[in-house]
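Reader: I am new to reading protein models. Could you take me through this one and show the reasoning behind each label?

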Amino acid sequence: MKIVADSGCDFTTEMKNNSNIVQVPLTLQINDEIFSDTLDLDIVNFRNKLRENKKNRKTAAPSPQLYVDAYGGDEDVFVVTLSSHLSGSYNSAVTAKDLYFDDYGKKNIYVVDSKSASVGETLIVNKILELKEKGLSFDEIKNEICKFRDNLNTYFILENYDSLVNTGRLNPYVAKLGIVPICGADDGHAVLTAKAKGMKKAYLKLIDDITKKCSDTENRVLYITHIDALEKANELKEVMMSKLNFKECHITEGSGLCSSYADIGGLIISF
């Protein structure tokens, strides 16, 4: 079995070292500079450029041909993409499936719309691996992974409000008051769920929202990704584990794509 994931997925070290997991990169642009969001992207250099350029950022979904190339081989293929409401990556992956069938014949390829991003995709990739290790068939994994996806929760807390303000999700005046917006994924859409004055209060609001929505955190694995904010990620981990008692918690570092949108200091969690 092969798993293909776009670069909206934050790869763990174990994923990077697994030859059965293939990344398909999105294209990133800052002003006139173009970057391919591969696993060997110089992320320090890229984030420095983000610091220098708060605007003039663009991203582009992978071409269908990149997915066609990733589908090659005799293995069954599971594909995990960014939410179809956030990126054209899902549509490219589906188009590539049809192109692959036309050129090479049919085989088992299933494209999963994560309805999330970042560590939401990471959790789905890890769940596919877990189900495969349990000996489930391709069709059984398809059914189980959709149930798992639909039960995922993703939140993000940002320091830079530009993307929220530009999309009309946060009043610019509110942003200037030091309000921390707490956002989440609602069926693949990014929505503003709450606001708090200061980061510590934001954490408490986040915990309150999770407590209302999720009663089985002790059975779930929590992932936190950060954009050059490891200290903040560890602080959030400590709070979340003490208040909600997740089974495990892992911290990862955001990809180039996630860095572009969450920006420096941003945190994204999924469970």
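Reader: Which residues touch the most other members in the largest nonpolar core?

Author: This is a predicted model. Its largest nonpolar core has 29 residues, and Ile-124, Val-125, Ile-128 and Ile-145 touch the most other members.

Reader: Which elements supply this core with at least two residues each?

Author: They are β1, β6, α5, α6 (138-150) and α11 (256-262). Helix α5 gives the most, with six residues.

Reader: What does Ile-145 touch?

Author: Leave out residues up to four places away in sequence, and Ile-145 touches Tyr-110, Val-112, Ile-124, Lys-127, Ile-128 and Leu-131. Apart from this core lies another, of 25 residues. Val-180, Ile-210, Ala-229 and Leu-267 are among them.

Reader: In what order do the strands of the open sheet come?

Author: Four strands form it, in the order β2-β1-β6-β7, with parallel pairing.

Reader: What makes β2 and β7 edge strands?

Author: Count partners. β2 (21-24) and β7 (109-113) each have a single partner strand, so one side of each has no neighbour in the sheet. From one strand to the next, the twist averages 20 degrees.

Reader: How do you know that β6 and β7 pair?

Author: Pairing needs at least two bridges. Strand β6 (residues 77-81) and β7 are joined by five, so they pair. The two run parallel. One example: Phe-78 has Tyr-110 in β7 as its bridge partner.

Reader: Which helices touch the sheet or lie across its strands?

Author: Helix α4 (residues 89-104) packs on the sheet and touches β1 (2-6), β6 and β7. The direction of α4 makes about 170 degrees with that of β7. Helix α5 (residues 119-133) lies across β1, β2, β6 and β7, at about 165 degrees to β6.

Reader: Why is the pair of Phe-35 and Phe-46 called edge-to-face?

Author: Check two values. Ring centres must lie within 6.5 Å, and planes over 60 degrees apart count as edge-to-face. For Phe-35 and Phe-46 the centres are 5.1 Å apart and the planes stand at 80 degrees, so the pair is edge-to-face. Phe-35 sits in strand β4 (residues 33-36) and Phe-46 in helix α2 (residues 43-52), eleven residues apart.

Reader: Are Phe-35 and Phe-46 buried or exposed?

Author: Buried means under 20% relative accessible area. Phe-35 has 11%, so it is buried. Phe-46 has 0%, so Phe-46 is buried too.

Reader: What makes Tyr-71 and Tyr-100 an edge-to-face pair?

Author: The limits are again 6.5 Å and 60 degrees. Tyr-71 and Tyr-100 are 6.3 Å centre to centre, with 70 degrees between the planes, so the label fits. Tyr-71 lies in the loop between α3 (64-70) and β6, and Tyr-100 in helix α4, so the pair ties together parts 29 residues apart in sequence. Tyr-71 is buried at 0%, and Tyr-100 is buried at 7%. Both belong to one aromatic cluster with Tyr-67 and Tyr-104.

Reader: Why is Thr-122 called buried?

Author: The limit is under 20%. Thr-122, in helix α5, has a relative accessible area of 0%, so it is buried.

Reader: What lies 2.7 Å from a polar atom of the side chain of Thr-122?

Author: The backbone oxygen of Asp-10 does. Not counting residues up to four places away in sequence, Thr-122 touches Cys-9, Asp-10, Thr-12, Met-15 and Tyr-223.

How values were computed
Residues are numbered from 1 along each chain as its sequence is written. Side-chain values use heavy atoms; hydrogens and water are left out. Axes are lines fitted to C-alpha atoms, for helices over the stretch in contact, and angles run from 0 to 180 degrees between N-to-C directions. Contact means heavy atoms within 4.5 Å. A nonpolar core is a set of buried Ala, Val, Leu, Ile, Met, Phe, Trp, Tyr and Cys residues joined through side-chain atoms within 4.5 Å. Buried means under 20% relative accessible area, exposed over 50%, partly exposed in between (1.4 Å probe, protein chains only). Rings of Phe, Tyr and Trp (its six-membered ring) pair if their centres lie within 6.5 Å; planes under 30 degrees apart count as stacked, over 60 as edge-to-face and the rest as tilted. A polar contact is a pair of N or O atoms within 3.5 Å; within protein, one must be able to donate a hydrogen and the other to accept it, and residues adjacent in sequence count only if both atoms are side-chain atoms.
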